Amino acid sequence: MKFKCKYLKSDKLTETGTLYQILKSREIIIDVEKTKDRVIVRYIVRDGQYGICGSEYKPSFIDGEGAKKVDILILVIDENNKKFSSWLLDIKQSVGGEDVIFHLLEQLQDSVKHKEALAVYMDDFIEEQHLGFVTRDLQIERIKETVEKKERKLKEIEKSIIEMSPIIRNKMAATSNTKLRKEIETLSMFLDKKMKIRNQIYPIESYISEKQGEYFVYNLQVQCG
């Protein structure tokens with residue numbers, strides 16, 4: 001089964017929200033012009049295989065108002081052997097601030113659903129999935145400091161709750177701590193290169209781009225098998 005996609009004539013992917021079919025081994029360029037970030041995707045497509053590429057893709061039946069999307073969706077499909085590989089990646093100038101990380105994780109969670117809308121037609125295929133991001137600056141120490149700061153804040157809240165009356169204590173424990181604990185858990189998992197989607201843990205991959213001329217560039221090779 002081949003999906004209905006457009007054929008990409010040029011080497012540069014400029015139209016967002018559209019799926020393109022890759023019928024042979026070739027390179028595709030995906031740019032974020034505003035920030036001068038670039039990913040060069042090198043497709044390795046063997047006999048009986050084809051690829052799919054999209055930028056900011058979501059199914060047409062999903063309202064764009066509430067749906068988040070990553071910059072890159074990639075599939076390499078081997079119909080003869082009933083398997084496929086997928087990549088969902090977003091491009092960020094830097095990854096370290098908690099707001100950026102939380103937003104990135106939301107983008108990945110929604111984009112997994114968008115991808116699964118395609119994968120449902122390959123429910124008897126074996127998938128190799130890649131989730132992650134491309135960035136020029138991964139700020140590990142900043143993330144660690146944020147986790148430590150939130151842990152100290154949580155301890156302070158827990159200490160103050162102990163000194164309250166039982167009624168207020170139970171109410172505070174049910175509200176104040178929940179959000180903070182979840183943030184600590186999410187950021188700690190991110191440091192371990194993991195994320196949770198529907199109570200299942202998935203690995204997160206990070207790709208560090210390098211300055212080449214006016215762009216920060218990452219070369220990504222994709223293939224199935």
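This is a short dialogue on reading the sheets and pockets of a predicted model.

Q: Let's start with the sheets. In what order do the strands of the five-stranded open sheet stand?

A: A good way to read a sheet is to follow its strands from side to side. Here the five strands are ordered 2-4-5-14-13, and their pairing is mixed.

Q: Which strands stand at the edges of that sheet?

A: Look at the two ends of the order. Strand 2 (12-13) and strand 13 (210-212) each have a single partner strand, so one side of each has no neighbour in the sheet.

Q: In which sense does strand 13 pair with strand 14, and over how many bridges?

A: The pairing of strand 13 with strand 14 (residues 215-223) is antiparallel, with three bridges. To find the place by eye, look for glutamine 212, which is opposite tyrosine 215 in strand 14.

Q: Now the open sheet of seven strands: what is its order?

A: Read it in the same way. The order is 1-3-6-7-8-9-12, again with mixed pairing. At its edges are strand 1 (6-7) and strand 12 (205-208), each of which pairs on one side only.

Q: How many bridges join strand 3 to strand 6?

A: Strand 3 (residues 19-22) and strand 6 (residues 49-54) run antiparallel and are joined by four bridges. Tyrosine 20 has cysteine 53 of strand 6 as its bridge partner.

Q: Which strands does helix 1 lie across?

A: For a helix on a sheet, note the strands beneath it and the angle. Helix 1 lies across strand 3, strand 7 (72-78), strand 8 (83-95) and strand 9 (126-138), and its angle to strand 8 is about 160°.

Q: On to pockets. What volume does the largest pocket have, and which residues lie nearest its centre?

A: For a pocket, take the volume and then the lining. The largest pocket has about 350 Å³. Its lining has 13 residues, with Phe102, Leu105, Gln109, Lys182 and Thr186 nearest the centre.

Q: Which element gives the most to that lining?

A: Helix 3 does, with six residues. Helix 1 (98-119), helix 3 (166-191) and strand 10 (194-197) each give at least two. By class, the lining of the largest pocket holds seven charged, four nonpolar and two polar residues.

Q: How much space lies in the second largest pocket?

A: The second largest pocket holds about 170 Å³. It is lined by 13 residues, and Leu13, Thr16, Asp31, Val32 and Ser55 are closest to its centre. Strand 2 and strand 4 (26-32) are the elements that give two or more residues to this lining, and strand 4 gives the most, with three. Six of the lining residues are charged, four nonpolar and three polar.

How values were computed
Residues numbered from 1 in each chain as written. Predicted model: local features only at pLDDT ≥ 70, side-chain atom pairs only at ≥ 80, totals over all residues. Heavy atoms only, no water. Pairing = 2+ DSSP bridges. 1 Å grid on protein atoms, 1.4 Å probe; cavity = no way out; pocket = protein on both sides within 12 Å on 5 of 7 lines; lining within 4 Å. Points joined across faces, edges and corners; volume = space filled by probe spheres on them. Nonpolar A, V, L, I, M, F, W, Y, C, P; charged D, E, K, R; others polar. Contact = heavy atoms within 4.5 Å. Axes fitted to C-alpha atoms, helices over the stretch in contact; angles between N-to-C directions.
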